[in-house]
Amino acid sequence: MLAEYVQIGKIVKPQGIRGEVKLRAMTEDMTRFSRLETVYLKQKGAYVPRRVLGGRSYDGFAFLKLEGVTDRDQAEALRGCEVYVDRAHAIELGEDENFVCELVGLQAQDSHGEVIGRLRDVLKPNAVCDVYVFDTPRGEMMIPALKRVVKRVDVAAGVMELDEAVLPEVAVWQDEPAERDE
């Protein structure tokens with residue numbers, strides 16, 4: 001199912017004394033923060049709209065000045081809040097691209113429909129490829145997010161199909177020690 005809201009960051013701390021907040025950005029388009037008009041803060045399970053009075057990015061972080069947040073104490077009260085945009089204002093995705101927030105929770109299965117596990121996290125260790133982290137009956141499994149491994153993603157059905165023939169050569173399991181060249 002497609003999410004109504006797409007997460008773009010998480011407030012990590014106040015920035016300065018005039019109510020600005022610093023976000024850990026969760027988007028590849030850092031310029032978007034200067035164009036935002038409204039964001040939604042997830043508070044107590046509800047998406048609360050906040051008008052953006054100013055936004056910028058620097059060194060992988062985003063900074064927002066939100067309406068109604070005028071001092072450091074008010075900004076501190078927002079620490080830990082997740083920041084979203086509605087789907088209408090989400091960035092355009094290319095073919096075969098998905099928002100991370102829509103991938104987390106997908107059930108992984110092989111081409112025969114056998115359940116492998118559930119996607120728990122998406123790591124972005126480098127610019128080459130993401131790493132998918134699954135909870136499986138055997139324990140944690142990590143795989144590279146490559147087309148030769150991930151055959152199909154169906155967000156609406158909640159399923160990610162993995163190539164079971166390729167998994168043994170690319171999967172890293174929590175219970176397996178890393179091989180060493182000696």
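The second largest pocket of this predicted model is lined by Asp 29, Arg 32, Arg 35, Leu 36, Glu 37, Thr 38, Tyr 40, Val 85, Asp 86, His 89 and Ile 91. Two elements, strand E3 (38-43) and strand E6 (82-86), each give two or more residues to this lining. By residue class, the lining of the second largest pocket divides into four nonpolar, two polar and five charged residues, and the volume that goes with it is about 210 Å³.

The largest pocket has a volume of about 1,200 Å³. It is lined by 36 residues, of which Glu 28, Asn 98, Val 100, Lys 124 and Asp 130 are the closest to its centre. Strand E1 (5-15), helix H2 (100-103), strand E8 (115-123) and strand E11 (150-154) each contribute at least two residues to the lining of the largest pocket, and the largest share, four residues, comes from E11. The residues of this lining fall into 20 nonpolar, four polar and 12 charged. The table sets out the two pockets side by side.

| Pocket | Volume | Nonpolar lining residues | Polar lining residues | Charged lining residues |
|---|---|---|---|---|
| Largest pocket | about 1,200 Å³ | 20 residues | four residues | 12 residues |
| Second largest pocket | about 210 Å³ | four residues | two residues | five residues |

Confidence bears on how these linings are read. The mean pLDDT of the chain is 89, and 95% of its residues reach 70 or more. Among the elements of the chain, helix H1 (residues 72-76) has the highest mean pLDDT, at 97, whereas H2 has the lowest, at 83; H2 is also one of the elements that supply at least two residues to the lining of the largest pocket. As a general caution, predicted coordinates should not be read in detail where pLDDT is low.

Strand E8, which supplies at least two residues of the lining of the largest pocket, also belongs to a series of paired strands. E8 and E9 pair in the antiparallel sense over five bridges, and within this pairing Asp 121 has Val 133 of E9 as its bridge partner. Strand E9 (residues 131-136) is largely enclosed by the rest of the structure, because five of its six residues are buried. E9 also pairs with strand E10 (residues 139-144), again in the antiparallel sense, over six bridges, and the two strands form a hairpin with two residues between them. In this pairing the bridge partner of Val 131 is Pro 144 of E10, while Val 133 stands opposite Met 142 of E10. Val 133 is thus a bridge partner of Asp 121 and stands opposite Met 142.

The series continues from E10 to strand E13 (residues 172-173), to which E10 is joined by two bridges, with the two strands running antiparallel. Here Met 142 has Val 172 of E13 as its bridge partner.

Leu 167 lies in helix H3 (residues 167-170). With a relative accessibility of 11%, Leu 167 counts as buried, because the limit for that class is under 20%. Leaving aside residues up to four places away in sequence, Leu 167 touches Ile 116, Met 141, Ile 143, Val 149 and Leu 162. By contrast with these contacts, the C-alpha atom of Leu 167 is separated by 41 Å from that of Arg 56, a residue 111 positions apart from Leu 167 along the chain.

Technical notes:
Residues are numbered from 1 along each chain as its sequence is written. This is a predicted model: local features need pLDDT of at least 70, side-chain atom pairs count only at pLDDT 80 or more; totals for chains, interfaces and linings use all residues. Side-chain values use heavy atoms; hydrogens and water are left out. On a 1 Å grid over the protein atoms alone, a cavity is a set of points where a 1.4 Å probe fits but cannot get out, and a pocket is an open set with protein on both sides within 12 Å along at least five of seven lines; lining residues have an atom within 4 Å of a point. Grid points are joined across faces, edges and corners, and a volume is the space filled by probe spheres set on the points. Ala, Val, Leu, Ile, Met, Phe, Trp, Tyr, Cys and Pro count as nonpolar, Asp, Glu, Lys and Arg as charged, and the others, Gly among them, as polar. Buried means under 20% relative accessible area, exposed over 50%, partly exposed in between (1.4 Å probe, protein chains only). Contact means heavy atoms within 4.5 Å. Two strands pair if DSSP finds at least two bridges between them. pLDDT is the predictor's confidence in each residue, from 0 to 100.
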